[in-house]
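Subject: Structure for your files, with notes on aromatic contacts

Hello,

Here is the structure I said I would pass on. My notes come after it.

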Amino acid sequence: MNPVNQQKKKNPIKDQLFIVNKPAGKLRLILIMLLFLIYWTIVAQTKIAPLAITENFLALIPTPTNFTSGILRDIILRYFSPSTIIFTVTPLIIFLSVKKMISRYLHSLFPSTGLKETEQYLSNCAFSFCNRDFHIHEGVHIEPQINQEHLKFLGGPANINFSPSSTFIIQNINNRGFLLISSNYPGNTENFPLSHGDIIYAVIPKSNRQMLLKNLKIQDKYQRTTNINLINLLFFFNKSQKISAAFISRKISVHDARFLSYLGYASRNIIHHFLHDETQNFLNNNTSMIFNDKSIPSSINHVHEKILDIAPKKLHKNYAETAPAIIDKSRGVNRKHKHSRYTFLKKISVFSINAKDDEDDCKHLIIELSNHLNEQLKSFFHISTIHISIIEIGKITING
Amino acid sequence: MESSPQPSKSRIVQNYLIFALAIILIIFPFYILKSISSAVLFLFLILISVGSSFFFWVNFVPFFPESISGVISTIQTLILSIFRSTKSIYHIQAGKFDNDYFVIQNKPKLGALLIDENSVVIVINNGGKKRVCSPGYQFINTGEQVLHTFDMGFHHFYWGPLETENPFNNHIPDLNLNQIHLRALRVAQTKCQTKDEISVVPSFSIFYDFSSLAGKKQLEEMSLNISNHFFASNINGELQIEINKLIGERVTKIWKVLLKKTNVKQILSPTDQNLSLMNMHLLSINTIINTKIAGDTSDSHILKEFNKLGNIKPLEQWGALNIRVFLNNLWIQQEVP
């Protein structure tokens with residue numbers, strides 16, 4: 001059973017009458033057709049509503065010559081007389097008109113959902129006319145299609161075929177709970193039955209769970225600038241709460257759902273900016289991890305005080321773009337580098353932190369940065385099931 | 001400027017069709033029915049058909065209310081929407097109307113609102129009483145109008161000059177008057193002076209959201225509080241830009257107080273091997289701006305700063321608001337003496 005359907009309902013009789021699934025839809029269709037036939041028969045047999053034109057209609061039909069033609073004439077007179085037709089067809093037309101009206105109403109509410117889609121949606125809910133299949137692939141968020149818009153606003157019933165790399169969040173409209181759905185078997189395209197009352201809240205392709213932080217610049221107290229070319233981050237989820245045959249579904253909080261939905265859309269920039277700023281902040285406060293201060297001679301401890309006494313210079317992380325006014329006044333400071341005895345301070349070195357020699361430092365940096373980012377994400381976004389891990393740190397350039 | 005929405009062509013065609021159907025199905029049979037009892041019966045049949053058809057179809061739209069009174073209200077709204085020339089149901093996503101409701105001078109009568117998960121809508125009635133509409137399908141009572149909308153999701157904005165926009169560089173080619181004016185406005189947002197009267201312009205990157213772990217009731221109270229604050233200043237409509245502005249102004253206010261006790265030399269010199277004065281100021285800003293009424297601030301130094309500021313009204317009253325401030329860049333105008 002679909003976990004989304006497991007919610008308890010408070011109104012059992014009404015819910016049983018209007019439950020949306022394939023057998024219930026077929027049964028409803030049969031019942032309505034039967035009801036219609038019974039109603040037609042009652043109207044025909046009782047002749048409860050004779051019309052003024054009925055007598056004229058009788059004159060059009062020839063008098064019977066034998067038994068069979070007599071029965072046929074009687075059936076025609078009863079079942080197809082104008083009064084019977086009007087009384088029978090009127091409720092049917094009203095029934096279909098109301099459907100049309102509601103589909104127009106839904107269309108006006110969600111103009112991105114086509115009128116045809118809203119009509120099909122109502123027919124599918126009521127009578128399970130057609131089994132709708134939708135495909136969710138990588139990059140679907142970039143070009144939203146009408147079909148997917150429809151799933152976003154009106155929801156199921158529908159079958160969703162999704163690529164194993166995609167993950168999506170569904171929301172139940174009534175209890176407003178969220179479920180995160182992902183494939184259990186990488187490599188297979190999975191089929192997920194989206195229930196009535198569930199909408200697609202967000203689709204998060206795997207590529208969107210990855211985030212690249214580029215061109216991070218930091219400066220330490222010795223004026224050395226470090227450029228970190230790239231930090232590659234990946235969002236992952238806690239172990240699943242419930243595993244079915246084909247897909248994994250996890251209950252997630254509104255904060256987690258909101259955070260993940262931001263990863264899948266244009267608002268992704270907010271999270272990117274946040275992580276960028278937090279990483280920058282962390283690196284500025286932990287420059288020793290990158291510069292490995294052991295390599296600096298102990299004499300520097302006496303020297304740097306002198307340097308600072310000569311002329312104060314920008315030290316804060318954000319001074320990389322300091323105003324010309326600062327640059328002008330700092331000419332003397334720049335000059336001192338030309339004849340500096342401390343050549344190790346200004347040499348340019350490029351290295352990859354993944355090299356064997358720096359493996360321990362790299363691990364340490366990755367662990368510390370991951371912990372910091374997870375902590376900050378948790379404190380600001382209140383996420384609980386989502387974590388971040390660093391999968392790659394690119395080249396680091398130190399410019400002395 | 002006054003404007004009014006025009007009914008679309010399809011809507012006019014739909015109204016004609018409904019009118020024709022009403023004549024054929026409802027009025028015409030009465031002329032050809034033989035007796036009054038038949039006419040009454042036919043009328044009864046129509047009423048039953050309309051009622052049961054609406055009841056049947058409405059139940060398949062999941063966001064419509066499930067209670068009987070809700071179904072009746074939905075049917076009423078649906079029927080009224082047919083005969084109204086203007087749209088009466090609006091969809092609110094990310095704190096924004098799906099049309100220019102706030103721009104229209106003669107506001108259309110609202111039937112219902114479909115509000116998404118992150119949006120908050122505050123409506124006001126003729127008597128001036130406000131109420132908060134929670135996410136979902138909400139009916140608007142007679143005499144009520146939408147006063148404010150805003151988004152409770154994550155937001156990010158820059159306060160002050162852009163990260164690479166040096167405010168003291170006045171010789172930038174290819175800037176038109178409008179761009180120059182905007183640049184000046186951005187600089188004015190954060191420009192302040194140090195203790196030794198040197199102009200300093202920071203650029204802040206500010207993140208905020210209302211997703212603190214607060215209950216529904218607290219969120220409603222806070223929403224009303226936000227609405228009351230802006231209503232008192234005669235600000236109505238979509239509040240996002242106003243909230244951004246308010247937060248930015250409070251950040252500048254705290255920054256100014258902190259900087260009044262700081263010399264430029266102090267800014268440029270490290271007070272600690274790992275933590276510069278700027279980082280300490282940033283920490284203070286983040287702590288003060290997130291301090292709430294009845295909240296606990298363990299840092300006595302920061303509490304002292306906070307007390308000096310008086311109150312950071314009204315942010316301290318918005319319990320669910322969570323702000324994070326980063327310093328993007330800092331420009332100093334004059335030479336250090």
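What follows covers the aromatic pairs and then one loop residue.

Please keep in mind that this is a predicted model.

Counted over all chains, there are 42 aromatic pairs in the structure. Take F127(A) and F56(B): the ring centres are 5.9 Å apart and the planes meet at 25 degrees, so this pair is stacked, the limit for stacking being under 30 degrees. The pair joins two chains, because F127(A) belongs to helix 6 (residues 115-127) of chain A and F56(B) to helix 2 (residues 36-58) of chain B. F127(A) is buried, at 6% relative accessible area, and F56(B) is buried as well, at 10%.

A second pair sits within chain B. The centres of the F157(B) and Y208(B) rings are 6.1 Å apart with the planes at 75 degrees, so the pair is edge-to-face; that label applies over 60 degrees. F157(B) is in strand 8 (residues 155-159) and Y208(B) in strand 10 (residues 199-209), so the pair ties together parts of chain B that are 51 residues apart in sequence. Both F157(B) and Y208(B) are buried.

There is also an aromatic cluster with members from chains A and B: F259(A), Y262(A), F274(A), F380(A), F381(A), F154(B), F207(B) and F326(B).

The loop residue is P111(A), found between helix 5 (82-109) and helix 6 of chain A. P111(A) counts as exposed, with a relative accessibility of 54%. Between P111(A) and E149(A) the C-alpha to C-alpha distance is 9.8 Å, while in sequence the two are 38 residues apart.

Regards

Methods
Residues numbered from 1 in each chain as written. Chains lettered and ligands numbered in written order. Predicted model: local features only at pLDDT ≥ 70, side-chain atom pairs only at ≥ 80, totals over all residues. Heavy atoms only, no water. Phe/Tyr/Trp six-rings, centres within 6.5 Å; stacked < 30°, edge-to-face > 60°. Helix = DSSP H or I, 4+ residues; strand = E, 2+ residues; numbered from the N terminus. Buried < 20%, exposed > 50% of the residue type's maximum accessible area, 1.4 Å probe, protein only.
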